[in-house]
Every structure is written in structure tokens, then in C-alpha cells.
Amino acid sequence: MATTIKISAKLKDGVADIKTLMFHPMETGARIDPDTGNNIPAHHITQMIFTNNGKQVMVANFSTAVSKNPFFGFSFANAKAGDVLKASWVDNLGESDEIETQLA
């Protein structure tokens, strides 16, 4: 499976600026399929976890109120070149993905 996460990490003066784009349908379960007239089942990311060298630096809990292909950004301090940043998500169907990048 191709990765569903794109990540950009910029480091300046010990602060890492992180931007991610997740490719995910983020279905709420409330939309109606125009072809069948049935509800489209809920399918959305419930949690994203970011670690830096194995230590959690951000946890984001999502709900159905987040749009398709969500963009998420944040910054954290005490980062340095060579650190390994990992981003991962899990959704309400138990699907998941992760990506790692090295801070430079």
C-alpha cells in the first residue's frame, strides 16, 4: 500500500515546524450515497500520534468533524538535526499508516 501521509519537517533554532497531509476519505456516516440512497458508512481517522526519537511530541484526537484529506500542522521545541520524527494514524475501522522522516 502506498503511504497515505505526506510530511514536511523544517528545523530552525531548535524548533521543528511539522506539516502533514493525510489522504483519507473522512466519512462521517451521515452522507447519503446518491446511487443507492443508503448512508455511506463512517470511515474517519480517530487519532494521530507524532513521536520524536520515540518520545511523543503530539497526539491529536479526531472526530467526524474533520474534512477529507486533513492537513495538520504543529511545532515543537528541543529538536535537532538527525532526530527521527514518526507520524502515524489509526481510523475507526482499525486501518492505520505511518511514516518516518529525519529532521535536517
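How many bridges join β2 to β5? In this predicted model, the two strands run antiparallel and are joined by six bridges. One residue pair helps to place them: Lys-19 has Gly-73 in β5 as its bridge partner.

The pairing of β2 and β5 belongs to an open sheet of three strands, ordered β1-β2-β5 and paired in antiparallel fashion. The edges are taken by β1 (5-12) and β5, each with a single partner strand, so one side of each has no neighbour in the sheet. On average, neighbouring strands here are turned by 15° against each other, direction ignored.

From the sheet, the description moves to the interior. The largest nonpolar core comprises 19 residues, and Ile-18, Met-22, Met-48, Phe-62 and Phe-76 are those with the most contacts inside it. At least two residues of this core come from each of β2 (15-22), β3 (45-52), β5 (71-76) and β6 (84-91). For Phe-62, the residues touched include Met-22, Met-26, Ile-45, Met-48, Pro-70 and Phe-72, with residues up to four places away in sequence left out of the count.

Aromatic rings add a further layer to the picture. The count of aromatic pairs comes to five. In one of them, the ring centres of Phe-74 and Phe-76 lie 6.1 Å apart with their planes at 25°, so this pair is stacked. Phe-74 is buried, at a relative accessible area of 8%, and Phe-76 is buried with a value of 8%. Through ring pairs, Phe-50, Phe-62, Phe-72, Phe-74 and Phe-76 are linked into a cluster.

Terms used. Residues numbered from 1 in each chain as written. Predicted model: local features only at pLDDT ≥ 70, side-chain atom pairs only at ≥ 80, totals over all residues. Heavy atoms only, no water. Core = buried A, V, L, I, M, F, W, Y, C linked by side-chain atoms within 4.5 Å. Buried < 20%, exposed > 50% of the residue type's maximum accessible area, 1.4 Å probe, protein only. Helix = DSSP H or I, 4+ residues; strand = E, 2+ residues; numbered from the N terminus. Contact = heavy atoms within 4.5 Å. Phe/Tyr/Trp six-rings, centres within 6.5 Å; stacked < 30°, edge-to-face > 60°. Pairing = 2+ DSSP bridges. Axes fitted to C-alpha atoms, helices over the stretch in contact; angles between N-to-C directions.
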